[in-house]
Amino acid sequence: MNWLKIRIGVLKPGIDFVSDIFEQAGISSLEIEDNEEFLETLEQTKAGWNFIEDELFQEKSEACSVSGYVTDNQNGRKTLDFIENEINNYKKNTDINNYGSLDIFVSAINEEDWAHSWKKYFKPIPVGENILICPVWEEIPEEYKSRHIFKIDPGMSFGTGTHETTRLCVAALEKYIKRGDSVLDIGCGSGILSITAMILGAESAVAVDIDENCVRIAGDNAKTNFITQNYKVYAGDLLTDKKLREKISKAKYNIILMNIVPGVIIPLLPLVKNLLAQGGTAILSGIIGIYSEDIENAVESYGLKIIGETSENDWRCVIVTEK
């Protein structure tokens with residue numbers, strides 16, 4: 001399979017801004033190149049300033065970038081179009097640009113070549129109180145063997161579990177899930193949350209994502225963790241795909257997970273309300289602080305109520321149920 005690497009050049013103050021655009025596009029696994037390490041190295045060496053050409057120093061001292069990957073197909077091109085439109089809209093509507101050039105560079109990558117270069121950076125990650133997310137190519141560290149182990153091969157287009165939004169969701173799952181629960185994971189990616197729910201004792205889980213690769217990747221991750229029954233994965237857009245909505249609406253769910261973006265969470269709240277089992281809980285994450293009020297207002301307007309909220313840095317996770 002071939003992929004597209006989308007790299008956006010940016011000044012340091014704009015890293016969060018560009019990362020947010022990738023997040024809105026559904027890409028949570030990012031490569032961030034920060035010039036800070038370069039400048040720190042020069043500062044430590046002191047004399048190093050005398051041995052670097054002026055042009056190279058200027059380039060490296062200003063070089064920051066954010067990169068993400070999409071499949072080289074129609075869906076991937078749509079994601080690329082969304083990112084380009086967001087960047088171009090910002091450039092057109094902003095008088096003062098503190099974020100640098102925001103130039104977009106796109107390159108084709110073969111999965112086999114890419115796989116060998118990124119995996120060395122993905123190590124076992126303790127998440128929540130009792131979960132360890134461990135890549136399939138890594139051994140489980142001795143100090144974490146008492147945890148619930150989730151073995152994962154995330155693929156290039158999905159997250160690895162390191163992002164704040166995922167950690168917040170896992171912590172909420174540990175608190176609210178009960179053995180025997182049924183789970184719906186909307187925006188499942190590599191299946192981290194729904195498979196974690198199964199590991200924690202859920203009886204069944206349905207996972208959905210707009211990226212067709214989720215069916216293969218989340219399915220494979222489920223099998224890797226010995227989950228072979230009562231776990232289903234579907235590809236499609238719940239906002240527009242009536243047949244998919246009908247398919248997942250054949251059941252009610254004790255836990256509904258949405259680790260996506262506010263612009264998708266809000267219009268899906270009526271569906272969430274209809275699909276929640278009596279006494280069920282929806283865990284909503286992927287919410288940047290500035291959108292907290294929008295989420296709160298939408299939850300209230302659709303007849304739901306917030307029963308809990310957690311945060312990490314500027315990210316929020318909101319737990320809701322029926323009134």
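User: What makes strand S8 count as largely enclosed by the rest of the structure?

Analyst: In this predicted model, five of the five residues of S8 are buried, so the strand is largely enclosed by the rest of the structure. Ser182, Leu184 and Ile186 point one way from S8, while Val183 and Asp185 point the other way, and all are buried. This fits a general pattern, since in a regular strand the side chains alternate between the two faces of the sheet.

User: How do you know that S8 pairs with strand S9 and with S11?

Analyst: Two strands pair if at least two bridges are found between them, and five bridges join S8 to strand S9 (residues 204-209), with the strands running parallel. Four bridges join S8 (residues 182-186) to S11, again in parallel, so both counts satisfy the requirement of at least two. Aspartate 185 stands opposite alanine 207 in S9 and also opposite leucine 257 in S11, while isoleucine 186 stands opposite methionine 258 in S11.

User: Which helix does the chain pass through from S8 to S9, and what is the handedness of that crossover?

Analyst: Between the parallel strands S8 and S9, the chain crosses through helix H7 (residues 192-199), and this β-α-β crossover is right-handed.

User: Why is H7 described as largely enclosed?

Analyst: Seven of the eight residues of H7 are buried, so the helix is largely enclosed by the rest of the structure. The buried residues are Ile192, Leu193, Ser194, Ile195, Thr196, Ala197 and Met198. H7 is followed by glycine 201, whose phi is positive, near 120 degrees.

User: What makes S11 largely enclosed, and which strand besides S8 is joined to S11?

Analyst: Six of the seven residues of S11 are buried, so S11 is largely enclosed by the rest of the structure. Six bridges join S11 to strand S12 (residues 276-288), and the two run parallel; in S12, the bridge partner of tyrosine 253 is leucine 276. The chain crosses from S11 through helix H10 (residues 262-275) to S12, in a β-α-β crossover that is right-handed.

User: Why is asparagine 259 called buried, and which side chains does its own side chain meet in polar contacts?

Analyst: Asparagine 259, which has its place in strand S11 (residues 253-259), has a relative accessible area of 18%, and because buried means under 20%, asparagine 259 is classed as buried. Its side chain makes a polar contact of 3.2 Å with the side chain of threonine 165, and a polar contact of 3.5 Å joins the side chains of asparagine 259 and threonine 166. Leaving aside residues up to four places away in sequence, asparagine 259 touches several residues, among them Cys169, Ile186, Leu193 and Ser285.

User: Why is the ring pair of tyrosine 90 and tyrosine 99 called stacked?

Analyst: The count comes to three aromatic pairs. In the pair of tyrosine 90 and tyrosine 99 the ring centres are 5.4 Å apart and the planes lie at 15 degrees; because rings pair if their centres lie within 6.5 Å and planes under 30 degrees apart count as stacked, this pair is stacked. Ring pairs link Phe17, Tyr90 and Tyr99 into a cluster, and tyrosine 90 is buried, with a relative accessible area of 15%.

User: How do you know that aspartate 314 and arginine 316 form a salt bridge?

Analyst: The closest N and O atoms of aspartate 314 and arginine 316 are 4.0 Å apart, and because the limit is within 4 Å, the pair counts as a salt bridge. Aspartate 314 is partly exposed, at 39% relative accessibility. Salt bridges that share partners join Glu309, Asp314 and Arg316 into one network.

User: Which side chain meets that of glutamate 142 in a salt bridge, and why is glutamate 142 called exposed?

Analyst: The side chains of lysine 145 and glutamate 142 meet in a salt bridge of 3.2 Å, N to O. Glutamate 142 has 61% relative accessibility, and because exposed means over 50%, glutamate 142 counts as exposed. Lysine 145, at 49%, counts as partly exposed.

Terms used:
Residues numbered from 1 in each chain as written. Predicted model: local features only at pLDDT ≥ 70, side-chain atom pairs only at ≥ 80, totals over all residues. Heavy atoms only, no water. Buried < 20%, exposed > 50% of the residue type's maximum accessible area, 1.4 Å probe, protein only. Polar contact = N/O pair within 3.5 Å; in protein donor to acceptor, adjacent residues only side chain to side chain. Contact = heavy atoms within 4.5 Å. Phe/Tyr/Trp six-rings, centres within 6.5 Å; stacked < 30°, edge-to-face > 60°. Right-handed = clockwise from strand over helix to strand, strands pointing away.
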